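Q: Please take a close look at the place where the ligand sits, and walk me through its surroundings step by step. I am a first-year student, so a connected explanation would help.

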Amino acid sequence: MLRLILAEAEIERVPESIAGHPAVVKNAKKRGKRPGSVLLDANLHHSAMRNLTHWERRGRPDLVHAFLLLALDSIANQRGELEVLVHTRNDEVIRVSPETRLPKGYNRFCGLMESLFQNRAVPDRESPLLEIEEMGLPELLKNYESAGITVLRPEREIRNLNEYMRDTGLREHTFVIGGFAVGDFQTDFSHICHTEISISDLLLKVWTVTSEVIVNYEIISDLH
Ligand SMILES: C[S@@+](CC[C@H](N)C(=O)[O-])C[C@H]1O[C@@H](n2cnc3c(N)ncnc32)[C@H](O)[C@@H]1O
């Protein structure tokens, strides 16, 4: 069993403080939405975002989209061996059912996530494919301490993922990948039982790291 947690993912609705900015209002109007109900997107709201703290890393729903597309379509997921979670910068956790068929197009994905933030579950609460709840990263990770938590970080000891997973001797693995393109984790991991490793001396993109973990897991678990 492989669990992937995209952590501190830069996905959120437009904060109230910039909901009246012309760049935000114009874009929301074009989509027939309230400014405060749309996803913050660095591509669209760049000029408005300069007034936000940590503005240079925020507004990246595209990273979540790429992560989920890759994970949900993987062999590991199709074999029932993958669990996918997204923890957001505002301490929400999105649980994603393995059966979710995610929109391939980015605009439709944003519409789906906006509906999730609004209704807390999609398509409905009775049989949700996506659900969101308030939860910090340490609280989430405490559930998986016995399942070998690995935080992937640049500039740590470089490990070959295949050997690393085999060496743990575990059947269950939990990998934490940063859901941001700039900066470092804000979380203090010191009270969480975990290991930090790098998989290369290169700074890699979220989707590259995600695919490396999934494929190595599929190989050691003989899932092909
Ligand atoms: C684009 S990086 C974020 C960049 C950021 N400067 C940092 O230091 O993490 C996104 C995530 O990919 C993972 N990552 C990127 N390069 C990595 C590497 N060489 N080894 C392990 N994980 C890596 C980490 O989980 C990181 O948080």
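A: A polar contact here is a pair of N or O atoms within 3.5 Å. With that cut-off in mind, we can turn to the ligand in this model, which is predicted. A backbone N or O atom of Leu152 lies 2.6 Å from an oxygen atom of the ligand, and this pair therefore falls within the 3.5 Å limit for a polar contact. On the nitrogen side, a backbone N or O atom of Gly183 is found 2.9 Å from a nitrogen atom of the ligand, while a polar backbone atom of Leu204 is likewise placed 2.9 Å from a nitrogen atom of the ligand. As for how much of the ligand is covered, it would expose 550 Å² if taken alone, and the protein buries 91% of that area.

The space that the ligand takes up is the largest pocket, and the elements that each give two or more residues to the shell around the ligand are strand β7, residues 173-178, and helix α8, residues 206-220. There are 18 residues around the ligand, of which Leu152, Gly183, Ile199, Leu202 and Leu204 come nearest. Sorted by class, this shell holds 13 nonpolar residues, four polar ones and one charged residue.

To place the site in its wider setting, consider the protein chain, whose secondary structure comes to eight helices and eight strands. Its C-alpha trace spans about 55 × 40 × 30 Å along the principal axes. A compact globule of 224 residues would have a radius of gyration near 17 Å, so the 18 Å of the protein chain agrees with that expectation.

Two details of the backbone complete the picture, and a general rule helps in reading them: most residues other than glycine have a negative phi, and most peptide bonds are trans. Val122 and Pro123 are joined by a cis peptide bond, with omega at about 0°, and Pro123 lies in the loop between β4 (121-122) and β5 (130-134). Glu8, which is not a glycine, nevertheless has a positive phi of about 55°, and Glu8 belongs to strand β1, residues 2-9.

Note on methods:
Residues are numbered from 1 along each chain as its sequence is written. This is a predicted model: local features need pLDDT of at least 70, side-chain atom pairs count only at pLDDT 80 or more; totals for chains, interfaces and linings use all residues. Side-chain values use heavy atoms; hydrogens and water are left out. A residue is near a molecule or strand if one of its heavy atoms lies within 4 Å of it. A polar contact is a pair of N or O atoms within 3.5 Å; within protein, one must be able to donate a hydrogen and the other to accept it, and residues adjacent in sequence count only if both atoms are side-chain atoms. Accessible areas come from the Shrake-Rupley method with a 1.4 Å probe; for residues, only the protein chains shown count as cover. On a 1 Å grid over the protein atoms alone, a cavity is a set of points where a 1.4 Å probe fits but cannot get out, and a pocket is an open set with protein on both sides within 12 Å along at least five of seven lines; lining residues have an atom within 4 Å of a point. A molecule sits in a cavity or pocket if more than half of its atoms lie within 2 Å of its grid points. Helices (H or I, at least four residues) and strands (E, at least two) are DSSP runs, numbered from the N terminus. Ala, Val, Leu, Ile, Met, Phe, Trp, Tyr, Cys and Pro count as nonpolar, Asp, Glu, Lys and Arg as charged, and the others, Gly among them, as polar. The radius of gyration is taken over C-alpha atoms; the globule rule is 2.2 Å times the number of residues to the power 0.38.
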